[in-house]
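Let us read a protein model slowly, one question at a time, and see how each answer can be reasoned out.

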Amino acid sequence: MCTVRKIWENSNIMYSSSSPDITLRFDEPMANHTSFRVGGPADIFVEPSSVEQLLFIIEKATSLNIPVSLLGGGSNVLVSDRG
């Protein structure tokens, strides 16, 4: 079974990016990013530093059928402990 991580790594997305400074983490605990401090690991956690980077990541994830969820400041958000 293909995992989101395998799909991402096999796509060489970061190598084709014009913005190599995109922060990307696998299995990132979402508890670190919510005001309630709950939530299991995200398959892929990306922190773009510009609108262009955000659009690039959304476009690439969508083309690979990887679901995308946008998280603002993390207030009033509950994430399952399963991620």
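A nonpolar core is a set of buried Ala, Val, Leu, Ile, Met, Phe, Trp, Tyr and Cys residues joined through side-chain atoms within 4.5 Å. The structure shown here is a predicted model.

Q: Which helix gives the most to the largest nonpolar core?
A: The largest nonpolar core has seven residues in all, namely Trp8, Ile22, Ile44, Phe56, Ile57, Ala61 and Ile66. One helix, covering residues 51-63, gives the most to this core, with three residues, and that element is helix α3.

Q: What pattern does the protein chain follow when read along the sequence?
A: The secondary structure of the protein chain comes to three helices and two strands. Read along the sequence, these elements follow the pattern α-α-β-β-α.

Q: How many salt bridges does a search of the whole structure find?
A: In one salt bridge, the side chains of arginine 25 and glutamate 28 meet at 3.7 Å, N to O. In another, the side chains of arginine 25 and glutamate 47 meet at 3.1 Å, N to O. Arg25, Glu28 and Glu47 are thereby linked in a network of salt bridges, and the number found by a search of the whole structure is two.

Q: How many residues apart are arginine 25 and glutamate 47?
A: The side chains of these two residues, arginine 25 and glutamate 47, meet in a salt bridge. The pair links distant parts of the chain, with arginine 25 in strand β1 (residues 23-29) and glutamate 47 in strand β2 (residues 41-47), and the separation is 22 residues.

Q: Is glutamate 28 buried or exposed?
A: A residue counts as buried when its relative accessible area is under 20%. Arginine 25, at 28% relative accessibility, therefore counts as partly exposed, and glutamate 47, with a relative accessible area of 34%, is partly exposed as well. Glutamate 28 has 10% relative accessibility, so this residue counts as buried.

Q: What percentage of the residues in the protein chain is buried?
A: The protein chain has 83 residues, and the buried ones among them make up 27%.
The protein chain also exposes about 5800 Å², of which carbon and sulfur atoms supply 53%. To return to the value asked for, the buried share of the residues is 27%.

Technical notes:
Residues are numbered from 1 along each chain as its sequence is written. This is a predicted model: local features need pLDDT of at least 70, side-chain atom pairs count only at pLDDT 80 or more; totals for chains, interfaces and linings use all residues. Side-chain values use heavy atoms; hydrogens and water are left out. Helices (H or I, at least four residues) and strands (E, at least two) are DSSP runs, numbered from the N terminus. Buried means under 20% relative accessible area, exposed over 50%, partly exposed in between (1.4 Å probe, protein chains only). Accessible areas come from the Shrake-Rupley method with a 1.4 Å probe; for residues, only the protein chains shown count as cover. A salt bridge is a side-chain nitrogen of Lys or Arg within 4 Å of a carboxyl oxygen of Asp or Glu.
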